[in-house]
Amino acid sequence: MCGIVGALLNRGQVLAGMIEGLRVLEYRGYDSSGVALAGSDGLAIAKCAGRLEALECHLEASPAPPARAGIGHTRWATHGPATDRNAHPHKDGTGRLALVHNGIIENYLELRAELAEQGHEFLSETDSEVCAHLIGRELELGGTLVEAVARALKLVRGYYAIAVLYAGDEPELVCARQGPPLCVGLARDGTWIGSDVLALIPHTRDVIYLEDGDLAELSTSGVVVRDATGALVERELQRVDWDVNDASKGSYAHHMQKEIHEQADVLARTAFHRLDEEHGDVRFDESGWSDAELSGVSRIKIVACGTAWHAGLVARYMIEGLARIPVEVEYASEFRYRQPLCEPGTLAVAISQSGETADTLAALRLAADLGARTACICNVAGSTMVREVQSHILTQAGPEIGVASTKAFVAQVVVAYMLAVRLGRAQGVIDAEQGRRLVRDLRLLRPGLERLLSDEMVQKIQAISQRHKGVKGFLFLGRGVNFPIALEGALKLKEISYMHAEGYAAGEMKHGPIAMIEAWMTSVVITGHGAMAEKVRSNIEQIRARGGPVIAVGADQASLNLADEAIEVPASSVWLSPILNVIPLQMLSYEIARMRGCDIDKPRNLAKSVTVE
Ligand code: F6R
């Protein structure tokens with residue numbers, strides 16, 4: 001959701017580094033942005049609606065005074081539309097204190113009414129401004145800034161990551177977290193904060209992840225952290241190994257395009273060092289799992305949201321098919337509120353790119369309360385999810401900046417496949433010989449991915465996109481392990497092109513969706529394997545008989561021959577086919593969105609990392 005940066009420096013000027021951080025964080029929210037700076041003349045605030053460029057233009061026209069301390073924000077609106085006034089930072093009544101916030105203050109109406117009665121005037125419609133006034137009021141009552149923040153936060157109900165800047169004789173910066181993530185970077189030029197570690201990488205690799213309830217007081221040389229009880233705590237200093245270039249577009253037009261094209265490398269990075277070809281097995285060293293622990297797993301519950309939920313659906317086919325363990329896949333937002341049951345022997349597995357999705361975290365905590373062992377498949381090493389679960393597996397896709405997930409999804413599916421092999425081996429369902437075959441199949445997948453990402457394929461998909469970019473809508477159909485790929489193809493297209501698209505299990509077509517078939521409704525059909533191939537061919541015939549255009553994607557030549565447009569995907573085992581089939585669907589969405597002039601990396605209304613409900 002929103003992005004936060006801030007710093008207290010011992011030298012130099014803070015503004016340029018903050019803008020650099022905000023640029024990296026803009027993918028978290030991009031409807032308005034702002035900065036507050038504490039210099040010798042007090043507090044200066046610049047903020048405006050629109051993209052970060054609008055703020056930069058504003059700062060060029062009215063330069064900010066020099067300052068070594070500041071906070072900045074990119075917003076994804078929750079309370080009040082994207083206007084200059086609602087943009088963060090917000091000030092308190094004295095005008096000496098500024099605050100940026102990510103999250104939701106649930107009791108803000110009560111607090112606002114109480115403060116208004118006491119004479120506080122509000123300039124915005126946000127819940128966040130209430131926090132600034134509350135802290136300002138507490139500060140007037142006496143004590144230090146950190147004490148005032150602690151007292152004020154006791155009155156707040158909700159979720160927050162906040163940074164509070166006070167322009168006193170010396171500038172002060174305090175931040176706190178309850179829910180959304182916040183980390184502190186220890187750099188040579190001072191101390192930085194960011195809602196995402198990516199914002200800190202230009203300045204330092206030495207990072208402290210704050211935990212829920214933490215309150216941190218920054219100085220130019222470090223940070224003092226107190227936990228929810230007010231006790232001083234040492235949070236572990238961690239070294240981040242992401243590269244600053246990982247978060248840049250390089251020579252690509254969009255982050256999403258770059259991320260699509262990274263996927264052959266993502267496969268290698270996520271999988272190859274874990275494959276044990278000799279024993280026909282997979283090693284998840286960081287998980288700490290023993291064979292004994294995995295052989296005791298009798299049921300798996302996967303919780304996730306959005307694209308990660310689709311990866312969970314693929315995982316179900318793989319784990320049930322290969323390891324023969326029953327799997328349920330749940331939307332985290334449903335699981336957390338429906339009084340679920342967890343039988344003994346349940347392993348709850350969350351799948352998440354960010355490791356910060358509020359619903360997924362809540363579902364995981366509930367599963368732990370119900371007695372399940374917990375694990376996550378996650379892309380961010382220092383994330384809340386990774387720190388909270390008993391075992392984790394990192395997807396190693398590198399930072400994903402494009403709001404529409406691509407490479408993280410492929411990495412999740414790759415891990416799901418390896419998890420199926422590992423579970424099958426631990427439970428004695430897969431023998432060494434079959435294990436070797438499964439592991440070798442994965443190792444051999446890379447050339448297939450590279451072929452799909454070739455210039456020739458890009459040109460082919462551009463030509464198809466050109467012919468279909470103006471249709472009324474899209475129907476994506478797939479069967480078995482490729483049914484979730486149909487759902488994912490539809491989601492990708494919706495997200496970035498705003499076209500209507502639906503994903504269906506191909507076998508369900510006759511039970512309703514067939515009514516939609518006509519000349520302006522394009523069906524994207526993922527071809528089947530083995531006995532399923534024939535069934536999918538019938539679907540294609542039925543669509544064509546009703547005048548509907550068909551784009552077939554897959555390795556079954558007979559299906560491809562029946563379609564109006566054929567996107568041939570290299571042959572693979574059925575279990576690995578989702579990894580290949582999803583690539584042309586991602587490319588199709590990308591090209592259609594580009595041709596329709598959409599803002600691909602920042603689709604309307606979306607934000608990456610949904611840290612509030
Ligand atoms: C879609 C997309 C979202 C996320 C979902 C979960 O392209 O990116 O649907 O998959 O918000 O996010 P994570 O994986 O961070 O938990």
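Two strands count as paired if DSSP finds at least two bridges between them. Keep that cut-off in mind as you walk through this predicted model.

Start with strand 7, residues 158-167, and strand 8, residues 171-178. Between them lie 8 bridges, and the two strands pair in the antiparallel sense. That count meets the cut-off of at least two bridges. Find Ile 162 and look across to strand 8: Ala 176 stands opposite. A hairpin of 3 residues links strand 7 to strand 8.

Strand 8 also pairs with strand 12, residues 215-219. This pairing is antiparallel too, over 3 bridges. Here Val 174 has Glu 217 in strand 12 as its bridge partner.

Now move along the chain to another sheet. Its 5 strands form an open sheet, and the pairing is parallel. The strand order is 19-18-20-21-22. Which strands stand at the edges? They are strand 19 (327-331) and strand 22 (391-394). Each has a single partner strand, so one side of each is left without a neighbour in the sheet. From one strand to the next, the twist averages 20°.

Look inside this sheet at strand 20, residues 346-352, and strand 21, residues 373-378. The two run parallel and are joined by 6 bridges. Ala 348 has Thr 374 of strand 21 opposite. Helix 11, residues 358-369, packs on the sheet. This helix touches strand 18 (299-304), strand 20 and strand 21. The direction of helix 11 makes about 170° with that of strand 20.

One general point helps when you view any strand. In a regular strand, side chains alternate between the two faces of the sheet.

Key
Residues numbered from 1 in each chain as written. Predicted model: local features only at pLDDT ≥ 70, side-chain atom pairs only at ≥ 80, totals over all residues. Heavy atoms only, no water. Helix = DSSP H or I, 4+ residues; strand = E, 2+ residues; numbered from the N terminus. Axes fitted to C-alpha atoms, helices over the stretch in contact; angles between N-to-C directions. Contact = heavy atoms within 4.5 Å.
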